[in-house]
Amino acid sequence: MDLKDLYRDVIVDHNRHPRNFGKLQPADVHADGHNPLCGDRLTMYANLKGEHITDVKFEGSGCAISVASASLLTEAVKGKTKSEVKELFDDVHALLTQHDAAVDPARLGKLAALSGVREFPARVKCASLCWHTLNAALERAAEPVTTE
Amino acid sequence: MNAAVTATRSATALDVAAIRRDFPILHQTVNGKPLVYLDNAASSQRPKSVIEAISRYYEHDHANVHRGVHTLSQRATDAYEGARETIRRFINARDTKEIVFVRGTTEAVNLVAQSFLRPGFEPGDEILISALEHHANIVPWQLLREQVGAVLKVIPINEQGVVDFDEFQKLIGPRTKLLALAHVSNALGTIVPVEKFIKVAKQHGVPVLLDGAQAIPHTAVDVQALGCDFYCFSSHKMLGPTGMGVLYGKRELLEAMPPWQGGGDMILSVSFEKTTFNQLPWKFEAGTPHIAGAIGLATAIDYLEKIGMDRIAAYENELLEYATERLSALPGLRIVGTAPDKAAVVSFTLDGIHPHDIGTILDTEGVAIRTGHHCAMPVMDFFKIPATARASMSFYNTREEIDRLVTALEHTRQVLG
């Protein structure tokens, strides 16, 4: 286990200077994510045009891995369609949990910096919290609006 | 003068090197570094004598207790009931009937909630706890709130992590059915001066339960001197096996309480029409108990007594002072919980670095601490922090290990810039 695999320069940088950090107002969709075990709390916001994510921001507090992962996520999903985001999440999840993950590094871009997390199983949840939260926000958008 | 000082020191000082040789688990490397185990408030380690006592029991003496006339069953019963006597003596209970074996502190609290409080409880009756409590001394009362409409009242704490005695005196009243307090806080290390709380509770005729999980490994406990009605603790925090714990209860209270689980061993006779329950303490011990657990716990107590609880407390206090001094000197480090009277627990935060990252980086340096909310989320909410890092010391820890912790924290700062 090499610490430098986990806390790569990209991760440290995105933790110290998170991109797209703050509230998105107005936001078409948002969701709160909470990892009660370590106390990470994130809110993901997104604006949509049809199937496309036109803007995404996040706020909250958490460990370096959860903040950097959320920051990297916002850069990665902007402009993508909801189904492309779903595929990307599958890739990231494979990257975080499988040693022999058949993931194309080119598709992942900077997100590949999260690969060190798989050596630290206790930290996988930190890295995936933002993805689950964004998913929840997007799924909520798909739900029919009720007037109750 | 010097000779006298030296003599006093040697009477109290522990031979920590010899003690450490008794704990096999301490002698290993973790991530290539010698292990520094500073997570004792979560669970302590076991000396060889405890491990061997459990092995010996299974290799030579095991059979079910209270049943057979054969030799092994008798041996197992003698060892199991002998353990009860060891525990009675250790906490100075009046009678072995007052020592109920349970799975741990959590089960002991739940037993009191369901068997002592629930019968005869009126909606609106109150249970008084403090803002320091572990979830194990919160959630069982909340279950009671749902079951019988109990009202949970909470004595506040101050910025030091000290329970507010004045507020307590205002909160206790005619509807208070129980005062349930941590003896020592697991998250902050605060030693609660329970004696003065008990005194006031007695004036109001309110029974008192103490959660002793964090107190009993570190200080001598005398339940008669304390005057509490119930005292709950876990074996695994005091060198004994997991899945084992003790509920001490005053005999007259336990006698009046109904059993809370039914089954074998807790009965005298059973027919389909009527069951006669067993006497104390077996009335509360349904099913085959954790026999090896009781034997292991008694052996752990033998070990603690051989060293002496007062010497353990004195040495751990030295470690606490040293750790507090060294950690306070680190830039950006804030100690959470600064009560004047503390057990050897230092909870802290580092500016700009989440406790979870601290825990991971320390682990790569071989240093084991706890990070998170320590099953005391209301305490975290009070200090408006999501989590802390917590170093908790035992008498087998050394100053050198605290130095290793400090060096690892400096390294953490370097890694995360």
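User: Where in chain B does Pro281(B) lie?
Analyst: This is a predicted model, so we are reading computed positions. Going along chain B, you pass strand E12 (275–277) and later reach H11. Pro281(B) sits in the loop between E12 and H11 of chain B.

User: Is Pro281(B) buried or exposed?
Analyst: The cut-off for buried is under 20% relative accessible area. Pro281(B) has 2% relative accessibility, so Pro281(B) counts as buried.

User: What does Pro281(B) touch, not counting residues up to four places away in sequence?
Analyst: Sequence distance can be misleading here. Pro281(B) and Ile99(B) are 182 residues apart in sequence, yet their C-alpha atoms are 6.5 Å apart in space. With residues up to four places away left out, Pro281(B) touches Arg84(B), Thr96(B), Lys97(B), Ile99(B) and Val100(B).

User: How far apart are the end C-alpha atoms of H11(B)?
Analyst: Let's start with what to expect. H11(B) has 17 residues, and at 1.5 Å a residue they should span 24 Å. The model agrees with that, as the end C-alpha atoms of H11(B) are 25 Å apart.

User: How many of the 17 residues of H11(B) are buried?
Analyst: H11(B) is largely enclosed by the rest of the structure. That follows because the buried residues number 14 of the 17.

User: Which residue just after H11(B) takes a positive phi?
Analyst: Look just past the end of H11(B). The phi angle there is about 105°, and the residue that takes it is Gly308(B).

User: What span should the 20 residues of helix H12 of chain B have, and what do the end C-alpha atoms give?
Analyst: H12(B) covers residues 309–328. Using 1.5 Å a residue, its 20 residues should span 28 Å. The end C-alpha atoms agree, being 28 Å apart.

User: Which elements do the buried residues of H12(B) pack against?
Analyst: First, pick out the buried residues of H12(B): among them are Met309(B), Ile312(B), Tyr315(B), Leu319(B) and Leu327(B). Glu316(B) is on that buried list too. In chain B, the buried residues of H12(B) pack against helices H2 (16–21), H4 (71–91), H11 (291–307) and H15 (399–416), along with strands E13 (333–336) and E14 (345–350).

User: What distance separates the centres of domain 1 and domain 2 of chain B?
Analyst: Chain B is divided into domain 1 (50–306) and domain 2 (308–416). Their contact takes 30 residues from domain 1 of chain B and 30 residues from domain 2 of chain B. Taken over C-alpha atoms, the centres of these two domains are separated by 29 Å.

User: What is the radius of gyration of chain B?
Analyst: Chain B has 417 residues, and a compact globule with that many would have a radius of gyration near 22 Å. The C-alpha trace of chain B spans about 70 × 55 × 50 Å along its principal axes. Chain B agrees with the globule estimate, because its radius of gyration is 22 Å.

User: Which residues does Val367(B) contact, leaving aside neighbours within four places in sequence?
Analyst: Val367(B) is found in strand E15 (residues 367–368) of chain B. At 1% relative accessibility, Val367(B) counts as buried. Setting aside neighbours within four places in sequence, its contacts are Val36(B), Leu38(B), Leu362(B), Arg404(B), Leu405(B) and Ala408(B).

User: What does Glu107(B) touch, not counting residues up to four places away in sequence?
Analyst: You'll find Glu107(B) in helix H5 (residues 105–117) of chain B. Glu107(B) counts as buried, with 13% relative accessibility. Leaving out residues up to four places away, Glu107(B) touches Val102(B), Trp260(B) and Gln261(B).

User: Over to chain A: what pattern does chain A follow along the sequence?
Analyst: Chain A has six helices and three strands. Reading along the sequence, the pattern is α-α-β-β-β-α-α-α-α.

User: How far apart are the end C-alpha atoms over residues 7–126 of chain A?
Analyst: UniProt, in an unreviewed entry, places "domain: NIF system FeS cluster assembly NifU N-terminal" at residues 7–126 of chain A. Over those residues the chain is 38% helix and 22% strand. The end C-alpha atoms of residues 7–126 are 13 Å apart.

Technical notes
Residues are numbered from 1 along each chain as its sequence is written. Chains are lettered from A and ligands numbered from 1 in the order in which they are written. This is a predicted model: local features need pLDDT of at least 70, side-chain atom pairs count only at pLDDT 80 or more; totals for chains, interfaces and linings use all residues. Side-chain values use heavy atoms; hydrogens and water are left out. UniProt positions are given in the numbering used here, feature names are shortened, and annotations may be inferred rather than shown by experiment. Helices (H or I, at least four residues) and strands (E, at least two) are DSSP runs, numbered from the N terminus. The expected span of a helix is 1.5 Å times one less than its number of residues. Buried means under 20% relative accessible area, exposed over 50%, partly exposed in between (1.4 Å probe, protein chains only). Contact means heavy atoms within 4.5 Å. The radius of gyration is taken over C-alpha atoms; the globule rule is 2.2 Å times the number of residues to the power 0.38. Domain bounds come from an automatic or database domain assignment.
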